[in-house]
Amino acid sequence: MIMPLLISMAIGLTEIGFLVIDYMTVTNAARSGVRTGAAAADTTGADDVILNVVEEDACNLKFGTLTTVIIYKAEPDGSIPVPPGTSVNRYQNTGSLMCGTPGHGLSCTNGCPWTPAMRDRIPPDFDNIGIEVTFTHNSVTGLFPFPTVTWTETAVMQVEPDTRGQQ
């Protein structure tokens with residue numbers, strides 16, 4: 001009598017474990033992306049470099065799918081500006097992540113108005129760059145009606161000062 005209950009609990013814990021693994025992967029991707037963005041800041045092609053880093057980390061998702069990446073000029077509290085205006089770049093997964101190869105499978109969906117040239121890395125008013133990564137996680141075993149979960153992870157960091165002597 002207890003065996004079906006124990007098996008059900010084991011399967012449920014397995015599902016939760018796989019969800020946690022995917023969530024940790026996306027957390028890593030957001031943090032790696034924002035660290036790269038803080039360093040790349042105003043260099044040409046900074047968004048491509050950020051997206052490559054996020055995508056490489058997201059390639060480790062076992063049972064989830066990267067859906068969107070947002071690169072934005074963070075408000076003082078770290079949030080995305082509302083309305084987004086000219087300081088939010090939204091990228092959507094085109095369905096073909098470029099794991100292990102140059103380039104990325106993310107496409108800009110809003111014209112990406114916040115260009116790297118607009119990012120302030122000259123003292124004293126540094127910009128804060130934020131990365132928001134969204135992913136969906138599907139049931140692994142399919143034995144129970146676990147819902148598809150959509151989660152978002154955000155990381156914010158101050159843009160690093162220009163150390164190339166071009167201030």
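This passage walks through the helices, strands, core and some backbone details of one predicted model. Local features require pLDDT of at least 70 and side-chain atom pairs count only at pLDDT 80 or more, whereas totals for chains, interfaces and linings use all residues. Residues are numbered from 1 along each chain as its sequence is written, and side-chain values use heavy atoms, with hydrogens and water left out.

A good place to start is the pair of helices α1 (2-40) and α2 (46-58); helices (H or I, at least four residues) and strands (E, at least two) are DSSP runs, numbered from the N terminus. The two helices pack at an angle of about 160°, and their axes are 8 Å apart. Here axes are lines fitted to C-alpha atoms, for helices over the stretch in contact, and angles run from 0 to 180 degrees between N-to-C directions. α1 and α2 are therefore roughly antiparallel, a label used for angles over 145 degrees. Residues in contact (heavy atoms within 4.5 Å) include Ala29, Ser32 and Gly33 of α1 and Val49, Ile50 and Val53 of α2.

In the loop between these helices sits Ala41, which has a positive phi of about 35° although it is not a glycine. Ala41 counts as buried because its relative accessibility is 0%; buried means under 20% relative accessible area, exposed over 50%, and partly exposed in between (1.4 Å probe, protein chains only).

Turning to the strands, two are said to pair if DSSP finds at least two bridges between them. β1 pairs with β2 (residues 88-93) in the antiparallel sense over 5 bridges, and Val69 stands opposite Tyr91 in β2. β2 also pairs with β3 (residues 106-108), again antiparallel, over 3 bridges; here Gln92 faces Ser107 in β3.

Helices and strands meet in the largest nonpolar core, which has 24 residues. Such a core is a set of buried Ala, Val, Leu, Ile, Met, Phe, Trp, Tyr and Cys residues joined through side-chain atoms within 4.5 Å. Among the members touching the most others are Val54, Leu66 and Ile131. α1, α2, β1 (64-73) and β4 (128-137) each supply at least two residues, and the largest share, 5 residues, comes from α1. Leu66 touches Leu97, Leu106 and Val133, among others.

Some loops hold further backbone details. The Val82 to Pro83 peptide bond is cis, with omega near -10°, and Pro83 lies between β1 and β2. Another cis bond joins Pro123 and Pro124, with omega about 5°; Pro124 belongs to the loop between β3 and β4.

Terms used: Angles under 35 degrees count as roughly parallel, over 145 as roughly antiparallel, 65 to 115 as roughly perpendicular and the rest as oblique. Lists of a residue's contacts leave out its neighbours within four places in sequence.
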